[in-house]
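Here are my comments on the two-chain entry you sent round. I have kept them as numbered points, so that each can be taken up separately.

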Amino acid sequence: MSIWRRLAAGLITSALIFAIALSVSAQSSTAADMNARLAKLEQQAADAKSSADNAWMLTSAALVLMMTGPGLALFYGGLVRKKNVLGTMMQSFALIAIVTVLWGLFSYSLSFGPGNSFIGGLQNLFLRGVGAAPDADYAATIPAQTFMVYQLMFAIITPGLIAGAFAERMKFSAMVVFMVLWSIIVYDPMAHMVWGKGGLLNASLGGLFPTLDFAGGTVVHVTSGVSALVCALYLGKRVGYPKEAMPPHSVVLSFIGACLLWVGWFGFNAGSALAAGSLATSAFVATHFAAAAATVGWAGAEWIRSGKPSVLGGISGAVAGLVAITPAAGFVKPMPALLIGLIAGIFCYWMVAKVKARFGYDDSLDAFGVHGAGGTLGALLTGIFAVSVVNPIFKDAHGNILASGLFEGNPHQLLNQLIGVLIAWSLAIVGTLAILKIVDITIGLRVSEEQEVQGLDLSQHGEEGYYWEASA
Amino acid sequence: MMKLEAIIQNSKLDAVKTALHEIGVEGMTVIEVRGHGRQKGHTEVYRGREYSVDLIPKTKIEMVLADALVEKAVQAVLGAARTGKIGDGKIFLSRVDEAIRIRNDERGEGAL
């Protein structure tokens, strides 16, 4: 009985399947038709991935902009004296505007356009050819315009970091001219060398000395940090430094700024995966772990040395860790990231609290001590801890994956990292010195002593951050 | 009429104000000030740089009193502001020649 039943059920099912198959084959009777449908499906899958990547990259671009304004503006603004809070914030904000204009006109082309080993050409002048179609060499799944605007946000914050070194004493006009020249002479070539097609240091697009720099350890932090030191030395100390007390006027503002920087840095580092896949996750995790460990490192070192863990120490440590993990973010596993952060926190604390005092330069907000020192450290440690399982960046002619860093068995990479760092240092020193000289002899760099005592807010902008005659 | 100026610990403002209200003081002016007497300051450290802070935040209460109320007010401040430690502050008394109410030209103790 049950056997017959099963047989009947099997027959009916088979008949049904046969009927469906018949109707399907009737609908797509030819192979060409099948191929067209497959191609359409593939296109839809690619479009879906493209949309996902694009959503993350636009979000990342916005996050990186938030790092400059209000992140950096608040961080630096809180560290200066009351009379300079607006002048300091304005430096960050002005760069958002100025660098954006330059980027559209020619800086993007100089950085990422096809060119020689050192600088891009003029092919993408006025953003010609930068549209909806992806540039497969850089990011195959997002519009070239998304890549362009994402990279712009890096070009904005980098000169913004330098401002910490000459805070409270540079003329606004001089700052504007300096920054325009610096973007063209230092940033654009450095970005091209490390990230541009055929750049001298490019790790994946045929560089002579492939340097691993995931999100800008050399391009952003070494160049800005070293330039900051040159600025501090060239401009000289603030009136009254170091005899007069110049404590931060609001660690509260700096605190909010640092927290915004931390969050924005996820766009900076995880966004540098240029897609929304697992590499972005890996970079996100490494970034967060390094920042946390560096906070422990700096505040801990301070606690041991001076008896109290300060809030400013904690947030400075976080920034130092974020700086150091920037070149490594997309190449290292979480535990090495933790270690990189811890080392960076302690090292940058030592640079800021000991080395600066020893040599007596007035790097007012420690742009060199955090970005120059932390960036250099991070770039070198990347050559030690990078592993191909996180990011298979090096391949031989047959497509086999090669070792990335020293610990994985590629000691030569440490040398390449050193070359990358040395080139960044050299370009920053020579370029910044030349620009400072030009601005100095044409319009002058510093405000008058009288204006400096009065403060930048009033003398440069005719405003006060905290208007005292507030009416009821 | 006398002016009473009391420089007290910030944390004692509420207690002093209440004590003064209880004995019938009707007006006072309170100012946030910084200064030091014999009390030592403290050091603050920002990124490894030490700053010594010797001007300590205090609260100053000013009031002009009818002669009959002066001693009671002094006792009220002493009672409410004292902790017995260095840094409790000081009271200064001085003569006031005239008081004038802006609203209606009233003069003397009636204007207080």
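1. A word on terms before the first residue is discussed: two residues are taken to be in contact if their C-beta atoms, placed from the backbone, lie within 7 Å. It should also be kept in mind throughout that this is a predicted model.

2. With that cut-off, A328(A) touches F214(A), A286(A), A337(A), I340(A), G378(A), L381(A), T382(A), F385(A) and A386(A), once residues up to four places away in sequence are set aside. A328(A) belongs to the largest nonpolar core, a set of 141 residues, and together with A290(A) it is listed as having the most contacts inside that core. A second core, separate from this one, has 15 residues, among them V16(B), V25(B), L65(B) and A73(B).

3. As to the fold of chain A, the model contains 14 helices and zero strands, so that no strand interrupts the pattern when the chain is read along its sequence, α-α-α-α-α-α-α-α-α-α-α-α-α-α. Taken along the principal axes, the C-alpha atoms of chain A fill a box of roughly 105 × 60 × 50 Å, and 52% of the 472 residues of the chain count as buried. Where contacts in chain A join residues at least 6 apart in sequence, 75% of them link residues at least 24 apart.

4. In chain B, I would draw attention to L4(B), which lies in strand β1, residues 2–8. Is L4(B) buried or exposed? L4(B) is buried, because 23 other C-beta atoms lie within 10 Å, where 20 or more are required. Leaving out neighbours within four places in sequence, L4(B) is in contact with M63(B), L65(B), V70(B), A73(B), V74(B), I91(B) and L93(B). One of these partners, A73(B), is 69 residues away from L4(B) in sequence, yet the two are 8.4 Å apart in space, C-alpha to C-alpha.

5. Finally, the place where the chains meet: 12 residues of chain A are in contact with six residues of chain B. On the side of chain A that touches chain B, α9 (311–325) and α10 (334–359) each supply at least two residues, and α10(A) gives the most, with four. By character, the residues on that side of chain A divide into seven nonpolar, three polar and two charged. For a fuller description of this contact, one might recall that the size of an interface is often given as the accessible area lost when the parts come together.

Terms used. Residues numbered from 1 in each chain as written. Chains lettered and ligands numbered in written order. Predicted model: local features only at pLDDT ≥ 70, side-chain atom pairs only at ≥ 80, totals over all residues. Core = buried A, V, L, I, M, F, W, Y, C linked by C-beta atoms within 7 Å. Buried ≥ 20, exposed ≤ 12 C-beta atoms within 10 Å, placed from the backbone. Nonpolar A, V, L, I, M, F, W, Y, C, P; charged D, E, K, R; others polar.
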